[in-house]
Each structure stands twice: as C-alpha cells, then as structure tokens.
Amino acid sequence: MTEADPNDPVAVALELERLRGTLEAGFARVDGSLALLVQRSDQTDKQLADHEARLDELERARWPLASIAALTATAGLGFAMWEIVSR
C-alpha cells in the first residue's frame, strides 16, 4: 500500500470515516454494557426490596412470641406462688 499524502482531502475524509466507524462501534459496546449494568442494578434493587419486605414480615410475626413467653412465665410464677401460699 502506498503512503497517502496527509494533505489530501480524500485521504483525510477516509481516515475520518474510519475513525467515526470505530467510535460508533465503541460507543455501541459501551452503551450495551451500561444497559446491562442498569438492568442488573434494577434486579438487585427489586431483590433487596423483596428481602426487606420479607424481613419486616418476619419481625412483625415474631413480636407476640416474647409477649406470650412473658405472660406464660408470669402466670407460672403466679400459680407457683398461689400453690405455696395455699398450703
């Protein structure tokens, strides 16, 4: 291949067109990668929200257990005291 004259407008136009094609391909790759990252981020956000909701539900379902245990212990203590006093 012969060396092109850098001042030749046709050679400059060809090089600019090649550069434009390379840039478009690079931007398309970057665009695709960013779209994939956004999709994964959205999925992670949905999964995090789901886990948060499930954790809240578990915490709400658990609160009566401590109260029931305290009431049972108090009732047991009261019954034991009543048994001791009534003898």
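A nonpolar surface patch of about 490 Å² is formed in the predicted model by V12, L16, L19, L23 and F27. One of these residues, L16, is located in helix α1, which spans residues 9–86. The relative accessible area of L16 is 52%, and L16 is therefore classed as exposed, the cut-off for that class being over 50%.

Charged side chains were examined next. The structure contains 4 salt bridges. One of them pairs E15 with R18, with 2.4 Å between the closest N and O atoms. Both E15 and R18 belong to helix α1, where a spacing of 3 residues places them about one turn of the helix apart. E15 has a relative accessibility of 46% and counts as partly exposed. R18, at 47%, is likewise assigned to the partly exposed class.

A further salt bridge links R20 to E17, and here the closest N and O atoms lie 3.8 Å apart. Because R20 and E17 are 3 residues apart in helix α1, about one helical turn separates them. The relative accessibility of R20 is 47%, which makes R20 partly exposed. For E17 the value is 47%, and E17 also counts as partly exposed.

The pair D50 and R54 forms another salt bridge, in which the closest N and O atoms are separated by 4.0 Å. This distance is to be read against the salt-bridge criterion, which requires a side-chain nitrogen of Lys or Arg within 4 Å of a carboxyl oxygen of Asp or Glu. D50 and R54 are both part of helix α1 and stand 4 residues apart, again about one turn of the helix. D50 is partly exposed, its relative accessible area being 40%. R54 has a relative accessibility of 48% and falls in the partly exposed class as well. Beyond individual pairs, E17, R20 and E24 are joined into one network by salt bridges that share partners.

Taken by residue class, the nonpolar patch includes L16, which is exposed at 52% relative accessible area. Among the salt-bridge partners, E15 at 46% and D50 at 40% are partly exposed, since that class lies between the limits of under 20% for buried and over 50% for exposed.

Technical notes:
Residues are numbered from 1 along each chain as its sequence is written. This is a predicted model: local features need pLDDT of at least 70, side-chain atom pairs count only at pLDDT 80 or more; totals for chains, interfaces and linings use all residues. Side-chain values use heavy atoms; hydrogens and water are left out. Patches are made of residues with over 30% relative accessible area and no salt bridge: like charges are joined within 9 Å, nonpolar side chains (Val, Leu, Ile, Met, Phe, Trp, Tyr) within 5 Å. Accessible areas come from the Shrake-Rupley method with a 1.4 Å probe; for residues, only the protein chains shown count as cover. Helices (H or I, at least four residues) and strands (E, at least two) are DSSP runs, numbered from the N terminus. Buried means under 20% relative accessible area, exposed over 50%, partly exposed in between (1.4 Å probe, protein chains only).
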